[in-house]
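The following exercises concern a single protein model. Each task is followed by a solution that proceeds step by step.

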Amino acid sequence: PSDPGAFAAPPRSGQLLRGRYRLEARLDYGSGVVFQALDEFRKELPEDEQRVAIRFPDDAVEAQREFFRAQHLSHPNIARLIEFDRDGDVVFYTMELLHGRLLRDVLKQAAHLPLPRPEALGIVRDVAAALAHAHARQVVHGHLDMASVLITQSGTVQVLNFGLPRMDGALPEPRDDLTSLCLIAYELLAGFRPYDGRSLQEARERRVKLRRPPGLEASQWRALQRGLAATD
């Protein structure tokens, strides 16, 4: 039998799924294969409501399980999942279409680092609010990083990629998300990655000292140290 998570050929612009979704262009949603698509059933709606984002997961079975865990999340800082579907051997799911820049690219393109303190703290606050909403509903992200946060054209912070299965098969825990949030917060506030860019495991093994970002309040510094399980 065919693998329900595989498609015979890579998705391509112009392809029609379920007689409904016309693929238009590849999107950078930070992870995996994602396309912008015109929903033919929405053609009578305003222009900005006619399109969705479509993700093609690698592992259909695990992706479906994770999708339904995350589908009920409803928060202004979480990209909305819409419907899990298939067309023959092609498995996909639709999501809210968002336009903007990944936080990874915002930092790469910033004229000066670190970001202005109010902007950085605002991003951290909104990502934390999204995680709190998800964790209260027993949903863990498990992939949170600079490529999972999108700043929309209107300036709204959106956390992407809830519902993606972990490639290593490990079951993520809320503390994994909190550690990832602290990694993001440190880089936004300091302008550089903690532990000179080393992984947490390598930093602990080498006893690399965590540098305090300039201008950080004592309470903020303590929170970062706790979140990163600083060894110094």
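**Exercise 1.** In which loop does Gln 71 lie? Determine also how exposed Gln 71 is.

*Solution.* The model under study is predicted. Step one is to place the residue: Gln 71 belongs to the loop between α1 (60-70) and β5 (81-87). Step two is to list its partners: apart from residues up to four places away in sequence, Gln 71 touches Leu 81, Ile 82 and Glu 83. Step three is to classify the residue. The relative accessible area of Gln 71 is 28%, and partly exposed covers values between 20% and 50%; Gln 71 is therefore partly exposed. Finally, a distance may be added: the C-alpha atoms of Gln 71 and Phe 92 are separated by 14 Å, with their positions 21 residues apart along the chain.

**Exercise 2.** Classify Gln 15, Ala 223 and Gln 138 as buried, partly exposed or exposed.

*Solution.* Begin with Gln 15, in the segment before β1 (16-17). Its relative accessible area is 14%. Buried means under 20%, so Gln 15 is buried. Leaving aside neighbours within four places in sequence, the contacts of Gln 15 are Pro 10, Tyr 21, Arg 22 and Leu 23.

Next, consider Ala 223, which is found in helix α6 (residues 218-227). Ala 223 counts as partly exposed because its relative accessibility is 34%. From C-alpha to C-alpha, Ala 223 and Cys 182 are 8.4 Å apart in space, although 41 residues apart in sequence.

Last, turn to Gln 138, located in the loop between α3 (117-135) and β8 (149-152). A relative accessible area of 65% is given for Gln 138, and exposed means over 50%; Gln 138 is therefore exposed. A separation of 8.7 Å is found between the C-alpha atoms of Gln 138 and Pro 174, which are 36 residues apart along the chain.

**Exercise 3.** Describe how α3 and α4 are arranged and which residues meet.

*Solution.* First, examine the axes: those of α3 and helix α4 (residues 174-190) come within 10 Å and cross at roughly 170°. Angles over 145 degrees count as roughly antiparallel, so α3 is roughly antiparallel to α4. Second, identify the contact. On the α3 side, the residues are Arg 117, Ala 120, Leu 121, Ile 123, Val 124, Val 127, Ala 128, Leu 131 and His 135. On the α4 side, they are Pro 174, Asp 177, Leu 181, Ala 185, Leu 188 and Leu 189. Third, sort the contact of α3 with α4 by class: twelve residues are nonpolar, one is polar and two are charged.

**Exercise 4.** What are the volumes of the largest cavity and of the largest pocket, and which classes of residue line them?

*Solution.* Start with the general idea. Empty space is revealed by rolling a probe the size of a water molecule over the atoms.

For the cavity, a search of the whole structure finds one of 30 Å³ or more. The largest cavity holds about 70 Å³ of space. Its lining includes Tyr 29, Arg 55, Met 95 and Phe 162. By class, this lining has eight nonpolar, one polar and two charged residues.

For the pocket, the volume of the largest one is about 350 Å³. It is lined by 18 residues, of which Asp 48, Arg 51, Leu 97, Leu 98 and His 99 are the closest to its centre. The lining of the largest pocket divides into five nonpolar, six polar and seven charged residues.

Conventions: Residues are numbered from 1 along each chain as its sequence is written. This is a predicted model: local features need pLDDT of at least 70, side-chain atom pairs count only at pLDDT 80 or more; totals for chains, interfaces and linings use all residues. Side-chain values use heavy atoms; hydrogens and water are left out. On a 1 Å grid over the protein atoms alone, a cavity is a set of points where a 1.4 Å probe fits but cannot get out, and a pocket is an open set with protein on both sides within 12 Å along at least five of seven lines; lining residues have an atom within 4 Å of a point. Grid points are joined across faces, edges and corners, and a volume is the space filled by probe spheres set on the points. Ala, Val, Leu, Ile, Met, Phe, Trp, Tyr, Cys and Pro count as nonpolar, Asp, Glu, Lys and Arg as charged, and the others, Gly among them, as polar. Helices (H or I, at least four residues) and strands (E, at least two) are DSSP runs, numbered from the N terminus. Buried means under 20% relative accessible area, exposed over 50%, partly exposed in between (1.4 Å probe, protein chains only). Axes are lines fitted to C-alpha atoms, for helices over the stretch in contact, and angles run from 0 to 180 degrees between N-to-C directions. Angles under 35 degrees count as roughly parallel, over 145 as roughly antiparallel, 65 to 115 as roughly perpendicular and the rest as oblique. Contact means heavy atoms within 4.5 Å.
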